[in-house]
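This report looks at the interior of one protein chain. Please have the sequence and the model open while reading.

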Amino acid sequence: MSNSEKKLRVVASTPISETLIQHIISLEPRIDFVRDQELLPPMRYPGDHAGDPAFLRTPEQQDRFDALVHSAEVLYGVPDEKPATLKRAVEANANLRWVHTMPAGGGAQVRAASLSQDQLDQVAFTTSAGVHAEPLAEYAIFGLLAGAKSLPRLLAQQQKREWSGRWTMGLISEQRILIVGLGSIGRAVARKLNALGAHVIGTSRHDAAVDKVDELVRTEALTEVVKNVDGIVVTLPGTSSTEGMVSAEVLRNVKPGATLVSIGRGTVIDETALTAALEDGRIGFAALDVFANEPLPPESPLWSSPNVLISPHTAALNAAEDRLIAELFAENAGRFLDGRPLINRVDTVEFY
């Protein structure tokens with residue numbers, strides 16, 4: 001085969017079905033998709049990119065897996081979803097040129113690998129951002145509605161079989177909702193809120209207009225903006241610049257009774273300050289899918305707060321996820337081969 005006909009050697013380093021591999025190849029035939037299913041852990045559910053934790057390779061199988069990973073021009077997934085394994089793969093393979101990470105926040109995996117600047121220059125990293133936008137946006141609407149419609153009170157009264165007096169409930173169509181972060185997830189939330197008639201405010205580092213967002217504010221203005229919003233949706237990735245952005249100062253200023261939904265990364269919110277805000281009623285309800293430490297430790301007071309709904313980082317999972325990631329990868333593979341810019345390339349300064 002001539003150099004011009006040589007196919008791009010992609011190695012599966014995370015679980016993927018044969019059906020999806022064939023789908024990728026049908027979309028981008030210039031790929032040689034190398035895999036050994038015996039060496040990949042079985043998936044327990046859609047989006048289970050680490051696979052069954054009970055899966056273990058024999059020493060001989062591990063050697064075979066490492067040899068495949070170290071032969072790749074492109075890796076489909078971080079090997080075993082472990083940053084240390086990613087570092088080893090980059091160090092062992094001077095021919096590695098691109099790694100596609102499965103999470104939307106795959107930049108965190110790259111950062112945790114502690115690669116040198118030369119290694120970051122050698123390898124392009126991309127994420128699956130955008131694939132999860134719609135399910136996370138629906139979860140945001142679910143959380144905002146749960147807060148507006150007094151879900152904790154309704155559940156408590158139902159458990160007690162108590163038929164109380166009537167009370168007024170919030171109307172999303174009459175509310176001002178702040179979206180902290182207008183990436184693919186934040187923009188999807190904005191579209192849904194706009195359809196419900198809410199007044200949508202979004203934070204941005206730029207001044208360009210965003211579709212379905214009524215007001216744009218700088219992230220530096222959070223402390224002031226939260227004084228006059230009924231709901232806050234946090235969609236930001238976990239980076240050094242976003243850590244603790246929803247701070248004690250911000251939470252001290254929220255409009256009493258506001259709803260908070262967290263669907264980005266848990267490190268963006270000061271959880272100690274959030275606990276205090278829940279206790280004194282500044283936050284009336286919180287729907288939390290992500291946390292600073294996961295799993296959320298059993299001793300966290302968030303578990304026992306009556307006005308908190310906790311989901312175990314599962315809001316993004318849906319039956320279409322793996323197919324959508326595969327299609328995104330195929331599109332990017334074509335771009336890579338044609339020398340065009342990659343979608344969702346990781347910023348290796350801020351790692352998002």
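The text below covers one residue, then the nonpolar cores, then the enclosed space in this predicted model.

**T14**

T14 sits in the loop that runs between β1 (8–12) and α1 (18–27). Is T14 buried or exposed? Its relative accessibility is 1%, and because buried means under 20%, T14 counts as buried. The side chain of T14 has a polar atom 2.5 Å from the backbone oxygen of H49. H49 is also among the residues in contact with T14 when neighbours within four places in sequence are left aside. The others on that list are L40, Y76, G77, V78, E81 and M102.

**Nonpolar cores**

Y76, a contact of T14, also belongs to the largest nonpolar core, where Y76 is one of the residues with the most contacts inside the core. I24, F33, F125 and F329 are the others named in that group. Helix α12 (residues 321–338) supplies six residues, the largest share of this core. A second core is separate from it. The table sets the two side by side.

| Core | Size | Residues, among them |
|---|---|---|
| Largest nonpolar core | 45 residues | I24, F33, Y76, F125 and F329 |
| Second, separate core | 30 residues | L178, I201, V217 and L260 |

**Enclosed space**

How many cavities of 30 Å³ or more does the model contain? The count is one. The volume of the largest cavity is about 40 Å³. Its lining consists of S262, G266, I269, E271, L274, L288, V290 and F291. By residue class, that lining comprises five nonpolar residues, two polar and one charged.

Methods:
Residues numbered from 1 in each chain as written. Predicted model: local features only at pLDDT ≥ 70, side-chain atom pairs only at ≥ 80, totals over all residues. Heavy atoms only, no water. Helix = DSSP H or I, 4+ residues; strand = E, 2+ residues; numbered from the N terminus. Buried < 20%, exposed > 50% of the residue type's maximum accessible area, 1.4 Å probe, protein only. Polar contact = N/O pair within 3.5 Å; in protein donor to acceptor, adjacent residues only side chain to side chain. Contact = heavy atoms within 4.5 Å. 1 Å grid on protein atoms, 1.4 Å probe; cavity = no way out; pocket = protein on both sides within 12 Å on 5 of 7 lines; lining within 4 Å. Points joined across faces, edges and corners; volume = space filled by probe spheres on them. Nonpolar A, V, L, I, M, F, W, Y, C, P; charged D, E, K, R; others polar. Core = buried A, V, L, I, M, F, W, Y, C linked by side-chain atoms within 4.5 Å.
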